[in-house]
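Let's take a walk through this structure together, one piece at a time. Keep the picture open and follow along.

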Amino acid sequence: MTILTTKTQLLNPLIQLKTPLPLKFRPKMASISARLDNSQQQMNLSVLRFTLGIPGLDESYLPRWIGYGFGSLLILNHLLGSDSVSAAQLRTEALGLSLAAFSITLPYLGKFLKGAAPLDQTTLPEGAEQIFVMSENVSVAQKEALAWATYVLLRNTNTTSVLILTQGELCIRGYWNLPDGVSKDNVLDWFKSNIEETGLSDLRDTLYFPQTADAEFWNILPQGTRSVLVQPVLLSPNPSMNYMGNIEGFFLLASSMRYAYNEKDRAWIRAVSNKLRSKN
Amino acid sequence: MPIYVGGASLLAVLFNRAISGIAPVADASSSQSRADLLTLGLAVTNVLTGLVWLSIRPKSITPVEPQGVECQEIYSHLPESVVSEILWVWESLSAVTCCKSLVIVYDCQCIVQIGVAAKSLNIDEPFAVDAAKLMQGSLYQGVLKSGAQSYMANLSLYPGRSELPFLPSNTQAVILQPLGDRGIAVLGGDTIRGFTTSDQTWISYIGEKLDATLAKYMSSMPSVVQE
């Protein structure tokens, strides 16, 4: 029996059929906007998903709740059941409890699916201010390249803060926590001294920390950073060479999301770092 | 994956019920039946979740090797910095995306033709790009008018294919990126729907950068005679 009022038909472009059966899957168009915040061009993608049609309910966590609910009902049943608990019942309950445990972990596993959309959006780090500083003695061409690289990285990836060190010159953009005693002029010096301590300038391989880790350079990053990617700027365009001639510098990207950079993002970041190679 | 778990446990519950000699009646009277029903419910949840996962997972499509001739032709009068920028663009695109051919037309001239190009008629040479014809065609005009990138995920479905004869005949996907209002970049890929949305946004940013670079250098050059 379907209940369909004419009013909803006229007002709602998406006709919702209300049936008495609670679990009825129907396709619903959900729009997901890509992660470009404060931008004029928002890319809206329509994805066909099976949902229950309840607004505000995130279906991906449904197996977890069903797992908790049914698991507790199973235990309740076991405790309130008849005096003699047969072996067959014990088997069923064991199976049921293991299924409940599995259902509870399903949403966590689902995040690693290839087509899964990112569940949490980027949040801005608290107490951080937006800065954009660059070293003084860079050529105009280099200035443009640095400005474009930082702009594109902040817009196109989940990055909230970016730091580029190349050929001894710094460029810092995004949200950073500056300690109180640092004035505008000393910003660059403060960053330079901190970076020298960390020894990131000698990095040869890409470092990726998808979750908060205990690395030494964590103190210069803004509060609320959850993942960090460090990409060295390699001089040699041929990656099969085992020894690299000169490391020109590195890119430091910080994001407030965990697992912020997937394979594709990292490949593009590598490509952008190649842009800042000096032409020899 | 949860489909297998759910399906297997479904069968296990029924099997268990069968071998313990209980009548197959689905009522909630005995605690055994209740436990069975709950377990069945969990198994069904797992199966349905597995189905949802299947619908999210992208289908894997095999790339198609483009048929044609390798070429790398860059307009010779460009300054060194512009050429290195173009080479960087090609290097990034071919390394990160499924792009196998790149053609850039700017100011009614073909500036760049890199990657695999269609063979021109009987010779073993790459098909020369007729810039004027391309700029008059409907594809270019459409992209110019909208000012936005055009992504043809499955090229065989589009009639405008005939306007791109310089691309290999089995090119699977094409992105047309306008460079400001003076040029266009044509990227040919070897997989259907091979360019992801993040690729598309990166390509549009790179297009803006290329347009800025080319505009600066083209305006400062004396006008070149068209062949």
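**Starting from a sheet in chain B**

A good place to begin is chain B, where six strands form an open sheet in the order β1-β3-β2-β6-β5-β4, with antiparallel pairing. At its edges stand β1 (69-74) and β4 (150-152) of chain B; each has a single partner strand, so one side of each is left without a neighbour in the sheet. On average, neighbouring strands of this sheet are turned by 15° against each other, direction ignored. Keep in mind as you look around that this is a predicted model.

Now zoom in on one pair of strands. β2(B) and β3(B) run antiparallel and are joined by six bridges. Within that pair, Tyr106(B) sits opposite Gln109(B) in β3(B). If you are wondering where the side chains go, here is a handy rule: in a regular strand they alternate between the two faces of the sheet.

What joins these two strands along the chain? Asp107(B) lies in the loop between β2 (99-106) and β3 (109-117) of chain B. Asp107(B) has a positive phi of about 55°, although it is not a glycine. That is worth a second look, because most residues other than glycine have a negative phi. As for its surroundings, Asp107(B) is partly exposed, with a relative accessible area of 28%. Cys108(B) is also partly exposed, at 38% relative accessible area.

There is another residue with a positive phi to visit in chain B. Arg193(B) has a phi of about 50° and is not a glycine either. You'll find Arg193(B) in the loop between β6 (183-189) and α6 (197-219) of chain B. With a relative accessibility of 51%, Arg193(B) counts as exposed, because the cut-off for that is over 50%.

**A helix across the sheet**

Back to the sheet, and to what lies across it. Helix α3 of chain B crosses β1, β2, β3 and β6 of that chain, and runs at about 150° to β2(B). One residue in this helix is Val82(B). Is Val82(B) buried or exposed? It counts as buried, with a relative accessibility of 1%. Val82(B) and Leu214(B) are 132 residues apart in sequence, yet their C-alpha atoms are 7.2 Å apart in space. Leaving out residues up to four places away in sequence, Val82(B) touches Thr213(B), Leu214(B) and Tyr217(B).

**Two nonpolar cores**

Next, let's look inside. The largest nonpolar core has 55 residues, and those with the most contacts inside it are Ile164(A), Leu78(B), Leu93(B), Ile104(B), Ile111(B), Leu187(B) and Phe195(B). Helix α3 (residues 80-96) of chain B gives the most to this core, with eight residues. Apart from this core lies another one, of 20 residues, among them Trp176(A), Leu203(A), Val228(A) and Val230(A).

Phe195(B) deserves a closer look. Not counting neighbours within four places in sequence, its contacts include Cys98(B), Tyr151(B), Ile175(B), Leu187(B) and Ile203(B). You may have noticed some cysteines along the way. How many disulfides are there over all chains? The count comes to zero.

**Over to chain A**

Val230(A), from the other core, leads us into chain A. Strand β7 (residues 227-234) of this chain is mostly covered, with seven of its eight residues buried. β7(A) has antiparallel pairings to follow. Strand β6 (residues 207-209) of chain A is joined to β7(A) by three bridges, and here Leu207(A) stands opposite Val230(A). Strand β8 (residues 247-255) of chain A pairs with β7(A) over eight bridges; in β8(A), Leu252(A) is the bridge partner of Val230(A).

Elsewhere in chain A, Gln142(A) is in helix α4 (residues 140-156). Gln142(A) counts as buried because its relative accessible area is 18%, and the cut-off is under 20%. Beyond its neighbours within four places in sequence, Gln142(A) is in contact with Thr166(A) and Gln167(A). Cys171(A) is buried too, with a relative accessible area of 0%.

**How confident is the prediction?**

Finally, a word on confidence in chain A. The mean pLDDT of chain A is 67, and 57% of its residues reach 70 or more. Over residues 1-48 of chain A, pLDDT stays under 50; for this stretch the model has 66 contacts beyond four places in sequence.

Methods:
Residues numbered from 1 in each chain as written. Chains lettered and ligands numbered in written order. Predicted model: local features only at pLDDT ≥ 70, side-chain atom pairs only at ≥ 80, totals over all residues. Heavy atoms only, no water. Helix = DSSP H or I, 4+ residues; strand = E, 2+ residues; numbered from the N terminus. Buried < 20%, exposed > 50% of the residue type's maximum accessible area, 1.4 Å probe, protein only. Contact = heavy atoms within 4.5 Å. Pairing = 2+ DSSP bridges. Core = buried A, V, L, I, M, F, W, Y, C linked by side-chain atoms within 4.5 Å. Disulfide = S-S within 2.5 Å. Axes fitted to C-alpha atoms, helices over the stretch in contact; angles between N-to-C directions. pLDDT = per-residue confidence, 0-100.
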